[in-house]
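Reader: I am in my first year and still learning to read protein models. Could you take one part of this chain and go through it closely?

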Amino acid sequence: RLRDVLKTLRLGRQDTSEAAERVNSLIRTLVSDIRARESSFSSIDVLGTGSYYEHVKISAPNEFDIMFTMPAPRVELKNCDDSGAFYDVKFKRNPQGNSLDKFLQKDGKLAACKMLLALRNIIKESVKSMTRTEMKVSVDKKKSGSPAITLSIGTSPMEISVDIILALEVRSSSWPASTQDGLKIEKWLGSKVKQDYKWKPIYLVPKHAKDGRVLKEDTWRISFSHIEKDMIKNHGNTKTCCESNGVKCCRKSCLKLLKHLLELLKAKHGNRRGLDKFCSYHAKTAFFQACVLWPDDKQWLLTDLETCFQKFLDYFLDCLNNAYLTHFFIPTYNLFSRDLIDKASSDFLSKEIKYEINNRFPIFELQN
């Protein structure tokens, strides 16, 4: 039954190709416009992230996540909460100044909101100047607390949603101290791969940190989405896993099934039971943690899909019940802490998943 469900989640090659071409065309136009309109953003570049680029997008090619990256001058990062994920950003002294100085606050901190608003306004102007013959594009209303500028291409039911996220590329001799005990991939992908990842830059995206119930507006959160993408695409510890002549594993299939299950439960119950607090990033983080718990390709054989998915779900349920799912790179950051997700929401999701397991996933049957 799970294999049949997976077949329904495959993206059509023709639809995917057409959607990707429309998105790429839009992004090319936007990047050219942004570079021309604002000197502060003249070095902006593009990095595809998220499920489409990780090859774990399900059902339809209708959502794309794009990072607009730009190299940051030498920066000082200061923790602004206990999670180890959120930072205030200042520039180290530079007598000549730099192109981002206009976004500094009086205390020298780089204002995330100010930069994001400037980028949003340029994108709105660019979209406004597009002729209707090019493509129908609109900028969605700003979502509270979201770092994304969301654009819609086309009209329903063929609408494509594109999340654009501003990201500062920070190159440093070492990652922040909060990451020191994270990325435990030695037994899964190997020490050399870990070392190679550690040489890569980190990205900072505008995201509000919480101070009690108050949101701090001008903070930045670390993003490792470029490394997450690489780990998902190169997920085998033998380095030949899922190659054309290699042994196929079911790791990505299990991730797709959990994402699909969460989407269906959210669609079924709406926001009534707090399920909107759960997202695909929780599934992805649990996936990475499971890959570390069971690092060997033989523990994820495609022929054992049902057993592996059950094992993965059991682990996810443990995380829910214990209110403990640590960020894969920042172990001090608990994504299921009671500050972020209340017990009632966790208990309800846990109860719903257990019901699906015990009844052989009737929610999947309804979709087929």
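Author: What follows is a close look at one helix, and then at a few other places in the chain.

The model is predicted. Start with the whole chain. It has eleven helices and eleven strands. The radius of gyration is 21 Å, close to the 21 Å that the globule rule gives for 368 residues, so the chain is as compact as a globular protein of that length. Its C-alpha atoms fill a box of roughly 65 × 50 × 45 Å along the principal axes. Of the 368 residues, 51% count as buried. The chain exposes about 18,700 Å², and carbon and sulfur atoms supply 48% of that area. Now take the contacts between residues at least 6 apart in sequence. Of these, 67% join residues at least 24 apart.

Now the close look: helix H4. H4 covers residues 112-129. Does its length fit or clash with what a helix should show? Count 1.5 Å a residue, and the 18 residues of H4 should span 26 Å. The end C-alpha atoms are 26 Å apart, which agrees.

Which residues of H4 are buried? Ala112, Met115, Leu116, Ala118, Leu119, Arg120, Ile122, Ile123, Ser126 and Val127 are. Look at the spacing as you read that list. An α-helix has 3.6 residues a turn, so residues three or four places apart point the same way. Keep that rule in mind when you turn the helix on screen. Arg120 and Ser126 are both among the buried residues.

Stay with Ser126. Its place is in H4. Is Ser126 buried or exposed? Its relative accessible area is 1%; buried means under 20%, so Ser126 is buried. What does Ser126 touch? Leave out residues up to four places away in sequence, and Ser126 touches Leu30, Asp33 and Arg37. With Asp33 there is a further detail. A polar contact of 2.6 Å joins the side chains of Ser126 and Asp33.

Next, a residue in another helix. Ala290 lies in helix H8, residues 280-293. Ala290 is buried, with a relative accessible area of 0%. Its contacts include three ring-bearing names to find on screen: Trp300, Phe312 and Tyr315, not counting residues up to four places away in sequence. Ala290 and Cys241 are 49 residues apart along the chain. Their C-alpha atoms are separated by 17 Å.

A record adds a label here. UniProt, in an unreviewed entry, places the feature "domain: Mab-21-like HhH/H2TH-like" at residues 250-354. In the model, that span is 60% helix and 0% strand. Its end C-alpha atoms lie 21 Å apart.

Last, two loop residues. Leu183 sits in the loop between strand S7 (160-170) and helix H5 (191-198). Arg360 sits in the loop between helix H10 (343-358) and helix H11 (362-367). Phi of Leu183 is near 55°, a positive value in a residue other than glycine. Phi of Arg360 is near 60°, also a positive value in a residue other than glycine. Which of them is buried, and which is exposed? Leu183 is buried, with a relative accessible area of 1%. Arg360 is exposed, with a relative accessible area of 55%.

Key:
Residues numbered from 1 in each chain as written. Predicted model: local features only at pLDDT ≥ 70, side-chain atom pairs only at ≥ 80, totals over all residues. Heavy atoms only, no water. Helix = DSSP H or I, 4+ residues; strand = E, 2+ residues; numbered from the N terminus. Buried < 20%, exposed > 50% of the residue type's maximum accessible area, 1.4 Å probe, protein only. Polar contact = N/O pair within 3.5 Å; in protein donor to acceptor, adjacent residues only side chain to side chain. Contact = heavy atoms within 4.5 Å. UniProt positions renumbered as here; feature names shortened; annotations may be inferred. Expected span 1.5 Å × (residues − 1). Rg over C-alpha atoms; globule rule 2.2 N^0.38 Å. Areas by Shrake-Rupley, 256 points an atom, 1.4 Å probe, with all protein chains shown as cover.
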